[in-house]
Amino acid sequence: MRYETLPAQLYINNRQKLVQQLAPNSIVLIYSNDIMPTNADGSMGFKQNSDLLYLSGLDQEETILLLYPDAPEEHLKEIAFVRETSELISIWEGHKFTKEEAKGISGIKNIQWTQQFESILQTLIYTAENIYLIDNEHIRNSSTVETQNARFTKSLQAKYPTHIYKRLAPITNTIRMKKEKDEIKAMQKAIDITESAFRRVLQFTQPGVTEYEIEAEFIHEFIRLKGDGFAYTPIIASGANACVLHYIENKEVCQDGDVILLDAGAAYGNYNADMTRTIPVNGKFSSRQKQVYWAVYDVLNFASQLMRPSIYWVDYQKEVERYMEGKLIDLGLFSRGDVEKQDKNAPLFKKYFMHGVAHHLGLDVHDVWDKYKPFEAGMVLTCEPGIYIREEGLGIRLENNLLITENGTDNLMKHIPIEWDEIESIMQSRN
């Protein structure tokens with residue numbers, strides 16, 4: 001790992017928060033994620049299970065976490081199982097955690113090799129009543145791939161059918177929503193790396209460069225500054241491409257007179273940044289581009305001020321949509337009279353602003369959340385209004401990452417250029 005590990009006390013505290021919500025006499029079991037195959041003997045890079053990371057910090061394949069707060073012996077209350085290395089593994093794959101390293105990272109005193117898991121579990125499981133297992137209970141989950149944890153659930157229920165099985169996700173999804181100081185520091189590091197890359201892109205962009213060349217500028221800076229890489233597949237969308245919300249081809253030449261929508265963020269230590277900026281290819285916004293830009297920027301400021309403790313996401317979204325509707329009228333895209341006659345089930349604003357304005361951010365870019373729980377201090381969310389005018393080939397979105405405080409929000413991206421005149425000034429200084 002090229003990133004600095006977070007303090008073990010963070011993971012100790014996270015486990016304590018989890019344990020407080022478990023039923024008596026319960027075992028928690030979480031497997032690491034698979035290394036996903038491609039073709040032939042190829043594989044994708046490893047991405048750790050977020051809940052296992054949250055509770056242990058152990059960023060390595062073939063890792064298992066066992067928590068048993070009511071275990072009959074003290075040393076059995078927390079056990080982490082990690083992959084045992086060998087000379088052959090060391091030659092072909094490199095270094096793997098020693099037991100002491102895993103102990104230092106996680107704060108778990110009892111570290112065992114993964115191959116010892118089955119025998120140790122069998123000695124413990126019959127003394128427990130409940131078994132908590134993890135599943136990807138995310139409102140946006142649409143994966144058809146069976147995960148390591150899903151396979152483990154099937155095998156465990158077949159082998160131990162008379163235990164009471166419980167869902168761990170409702171607990172972890174709730175406690176992960178509020179971030180600790182060390183988590184916010186890691187996210188700020190990812191954001192700072194993103195800032196450096198964005199400033200590099202501002203100096204690089206000009207008519208004739210390709211979207212993929214801009215993507216390359218981002219990843220160069222992300223890796224140079226010890227980031228994990230892109231937090232998500234980047235969107236480098238010039239001209240009409242900006243009106244495609246999930247445009248990721250990044251293959252076109254950037255034309256003089258167009259704007260480019262840049263949705264790209266770095267990851268650091270598995271924590272993520274999520275930034276969107278929109279810039280002019282030639283370094284200067286046209287009057288119409290500036291008009292739409294200011295509308296989006298105004299909505300961003302309104303939405304940022306609106307986000308505060310006790311507000312529910314559903315109500316928040318509706319208030320931002322109402323405000324956006326007025327901006328779209330000001331831009332001449334429809335009239336107040338059109339709004340009065342519109343189909344209430346298909347409001348006119350959705351043609352130009354059709355997505356959510358905020359999502360939670362953390363170990364996952366679209367982090368775990370409960371839309372029916374109010375915002376609380378310590379949560380980190382994006383704020384990302386946009387206006388997409390397909391008939392004009394113009395799309396503009398702006399996005400910051402906001403930490404909710406007791407009194408409102410702290411913009412973690414306040415140092416990243418966003419004012420149109422600052423962007424123009426930086427871009428024009430390249431010549």
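Colleague: How many cavities of 30 Å³ or more does a search of the whole structure find?

Modeller: This is a predicted model. The search covers the whole structure and takes a cut-off of 30 Å³ or more. The number of cavities found is one.

Colleague: How much space lies in the largest cavity?

Modeller: Its lining includes Tyr 3, Glu 4, Thr 5 and Leu 6, along with Gly 269, Asn 270 and Tyr 271. Tyr 11, Leu 53, Tyr 54, Gly 57 and Leu 363 also line the cavity. The space inside is about 90 Å³.

Colleague: How many residues of that lining are charged?

Modeller: Seven residues of the largest cavity's lining are nonpolar and four are polar. Glu 4 is among the lining residues. The charged class holds one.

Colleague: Which residue in β11 stands opposite Tyr 268?

Modeller: Strand β10 covers residues 266-268 and pairs with β11 in the antiparallel sense, over two bridges. β11 spans 271-272. Opposite Tyr 268 stands Tyr 271.

Colleague: Which strands are at the edges of the sheet that holds β10?

Modeller: The sheet is open, with three strands in the order β7-β10-β11 and antiparallel pairing. An edge strand here pairs on one side only. The edge strands are β7 (229-230) and β11 (271-272).

Colleague: At about what angle does α8 run to β10?

Modeller: Helix α8 takes in residues 181-204. The helix lies across β10 and β11. Its angle to β10 is about 145°.

Colleague: Why is one side of β8 and of β12 left without a neighbour in the sheet?

Modeller: These strands belong to an open sheet of three, ordered β8-β9-β12 and paired antiparallel. β8 (235-238) and β12 (276-280) stand at its edges, so one side of each has no neighbour in the sheet, as each has a single partner strand. From one strand to the next, the twist averages 15°.

Colleague: What is the bridge partner of Val 259 in β12?

Modeller: Strand β9 is made of residues 259-263. β9 and β12 pair in the antiparallel sense over five bridges. In β12, the partner of Val 259 is Pro 280.

Colleague: At about what angle does α8 run to β12?

Modeller: α8 also lies across this sheet's β9 and β12. Its angle to β12 is about 15°.

Colleague: Which helix gives the most to the lining of the second largest pocket?

Modeller: That pocket holds about 340 Å³ of space. Its lining has 14 residues, with Glu 74, Lys 77, Glu 78, Gly 107 and Lys 109 nearest the centre. By class, five are nonpolar, four polar and five charged. The top contributor, with four residues (within 8-19), is helix α1.

Colleague: How far apart are the end C-alpha atoms of residues 6-142?

Modeller: An unreviewed UniProt entry lists this stretch as "domain: Aminopeptidase P N-terminal". Over these residues the chain is 31% helix and 17% strand. The end C-alpha atoms are apart by 31 Å.

Terms used:
Residues numbered from 1 in each chain as written. Predicted model: local features only at pLDDT ≥ 70, side-chain atom pairs only at ≥ 80, totals over all residues. Heavy atoms only, no water. Pairing = 2+ DSSP bridges. Axes fitted to C-alpha atoms, helices over the stretch in contact; angles between N-to-C directions. Contact = heavy atoms within 4.5 Å. UniProt positions renumbered as here; feature names shortened; annotations may be inferred. 1 Å grid on protein atoms, 1.4 Å probe; cavity = no way out; pocket = protein on both sides within 12 Å on 5 of 7 lines; lining within 4 Å. Points joined across faces, edges and corners; volume = space filled by probe spheres on them. Nonpolar A, V, L, I, M, F, W, Y, C, P; charged D, E, K, R; others polar.
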